[in-house]
Number of protein chains: 2
Amino acid sequence: MDVGALVADAKRGRPRAVARLITLIENATAVPGGVDPLREVMAAFAAERGPGGAGGRRGPYGARVIGLTGSPGVGKSTSTGMLIRALRKRGQRVGVLAVDPSSPFTGGALLGDRVRMQEHATDPEVFIRSMASRGHLGGLAWATPQALRVLDAAGCDVILVETVGVGQAEVDVARLADTTIVLLAPGMGDGIQAAKAGILEVADVFVVNKADRDDAHAVVRELRNMVALVHAPWKPPIVSTVASKGEGVDDLLAALDKHAAYLDESGELRRRRLARARDEIETIALAQLRARFALAGRERRLDLLAERLLAAETDPYTAADDLLSSLG
Amino acid sequence: MDVGALVADAKRGRPRAVARLITLIENATAVPGGVDPLREVMAAFAAERGPGGAGGRRGPYGARVIGLTGSPGVGKSTSTGMLIRALRKRGQRVGVLAVDPSSPFTGGALLGDRVRMQEHATDPEVFIRSMASRGHLGGLAWATPQALRVLDAAGCDVILVETVGVGQAEVDVARLADTTIVLLAPGMGDGIQAAKAGILEVADVFVVNKADRDDAHAVVRELRNMVALVHAPWKPPIVSTVASKGEGVDDLLAALDKHAAYLDESGELRRRRLARARDEIETIALAQLRARFALAGRERRLDLLAERLLAAETDPYTAADDLLSSLG
């Protein structure tokens, strides 16, 4: 594979090159020793100057990264579609990364590209891609920042990272994004109640979707009570939308812009992106260590140690020491 | 702290000792260098023989580990309560670990111990504990197996690991458990549809809770169609329950027993526990590596590298190499 040509094509915003690079990233997570092909790609992105490149007009992550998360059924796909349309009207190039943490064994992404692509399939300014973890420890934590780099290099102004679920995935998205939207909808049972502790930590903007339903008002009220208790410089605004009809999209864009301004003025943007860079470097370093493990035949050693642990012939710490011992 | 006395007390099934050891585990995840106090604990568990001990009558993980997962609002707490009562009627000692992956920043567990403890607070044969990740990379992946060891050593016959959410948490629980129950309920919007790909991978037993609702039948039917496509030696049974009234608990126990028998006969139990032991050793080894990083002043180096990455003066791979270089 000619990585140089692929990178150059991606920087010209050619969808096929972008797609191939992201596939390369996805597959690289599958094998412990497989992190190296990407080294060349990332070095090429960093070295070249030009629009969207690491040394180019916007620098790395020139793209604004917006996370979008919520439980199944709140209307994430529809909301993403609504945002794509609105951002395209502003003339922005949009990348969408649908991260699916719930399907690590199959290797198939839950939310099919095809369904989502229909409306924007012929728009060269929209890149939509779903990614599934390959069950590799920290797989998506490792792969998602790399995919963001590819979409950024392809000149996206905004990258939407969509992920399902309450839980760790939500937090992971929040760590990647400049701004995190948490979607809620009425009729989700006691979901809001249960999700409370978590979502307040990650949400920069709340969206109550399906706001034309009777019980939407109660959700907004509950959120308002929660947000009232926030003692931080940024209080997450609550936006009501009916994504299926495009209602509320202007309010949502306004809230996003306001948060972008806050991030800039407060220095929070820099802080978040530094934390993201730290995470990214550390995750790659740990993946490299794992690869070294594998190369040094430690996988077989690990099998043996697992047998011994199961037979109660060792404890997990002693076994871990043994595994590490040849590392010096 | 006298670790020896604490371990001895835990093995006698004293709730305070069990609680203190799990707190020790939780706190150890918070600091990169903080994994060592547990070394002594785990070595003590492995060394001593006796009921529940690693070398004792049941071996390590003598306890049967049952995972219980599902979206917010399906009735996980109520179902856990129902299972506790049923298992206590069988005379079994029960441990419950409520793992909360959605609240890594606060350090406070989402599902309060107190609420859950009310009914079983005075029962010395029930240990209930919630655990929250401390935001440490792989925090719960690291801490949960250790907490299982403590509950196992305390003589629990069954340990229920409950976690919220569709997503990675679900998969993590499935990797820990001998048997994974996936809970669903009617009225969750298109949640089942969305969760499809993920839950089929992890479910050993499906429970449709709130089965007294009109639309429960549709959920069961949908699941049945899904399961019909499974070509594996074990087809997950579908059990209908009304956990709030205790209805369906006998069917659920029967399904769990059947799966336990299957695990034994097929050799799958050993396969799963070996995989779990591998995960456990590897996670500890990686945590140790991270601790070494910190001790070697690499945290400051990482800050510097993150600055350089943000300024596009390096690429993530070169930065990771730099971070690893002093490791040899």
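What follows is a short walk through the fold of chain A, the first helix of chain B, and a lysine backbone feature described in both chains. The model is a predicted one, so everything below is read off computed coordinates.

Chain A comes out with 13 helices and 7 strands. Of its 328 residues, 52% count as buried. As for how its contacts are spread along the sequence, take the pairs in chain A that sit at least 6 residues apart: 72% of those contacts link residues at least 24 apart.

Strand β4 of chain A, covering residues 158–164, is a good place to look at burial in detail. Here 7 of the 7 residues are buried, so the strand is largely enclosed by the rest of the structure. Neither face is left uncovered: V158(A), L160(A), E162(A) and V164(A) are buried on one side, and I159(A), V161(A) and T163(A) are buried on the other. The glutamate and the threonine are thus part of the buried set along with the valines, the leucine and the isoleucine. As to pairing, β4(A) runs parallel to strand β1 of chain A (residues 64–70), and 7 bridges join the two. Within that pairing, I66(A) has L160(A) as its bridge partner in β4(A), and L160(A) is itself one of the buried residues listed above.

Over in chain B, helix α1 spans residues 3–11 and has L6(B), V7(B), A10(B) and K11(B) buried. These four cover an arc of only 135° around the axis, which puts them on the same side of α1(B). Turn to the face pointing away from that buried side and the exposed residues G4(B) and A5(B) show up. Just past the end of the helix, G13(B) adopts a positive phi of about 80°.

Positive phi also turns up at a residue that is not a glycine. Most residues other than glycine have a negative phi. K210(A), however, has a positive phi of about 55°. This lysine sits in the loop of chain A that connects β6 (205–208) to α9 (216–228). Is K210(A) buried or exposed? With 24 other C-beta atoms within 10 Å, against a cut-off of 20 or more, K210(A) is buried.

In chain B, K210(B) likewise takes a positive phi of about 55° without being a glycine. Its place is the loop between β6 (205–208) and α9 (216–228) of chain B. K210(B) is buried as well, having 24 other C-beta atoms within 10 Å.

Note on methods
Residues are numbered from 1 along each chain as its sequence is written. Chains are lettered from A and ligands numbered from 1 in the order in which they are written. This is a predicted model: local features need pLDDT of at least 70, side-chain atom pairs count only at pLDDT 80 or more; totals for chains, interfaces and linings use all residues. A residue is buried if 20 or more other C-beta atoms lie within 10 Å of its own, exposed if 12 or fewer, and partly exposed in between; C-beta atoms are placed from the backbone. Two strands pair if DSSP finds at least two bridges between them. Two residues are in contact if their C-beta atoms, placed from the backbone, lie within 7 Å. The arc is that of the directions from the helix axis to the C-beta atoms.
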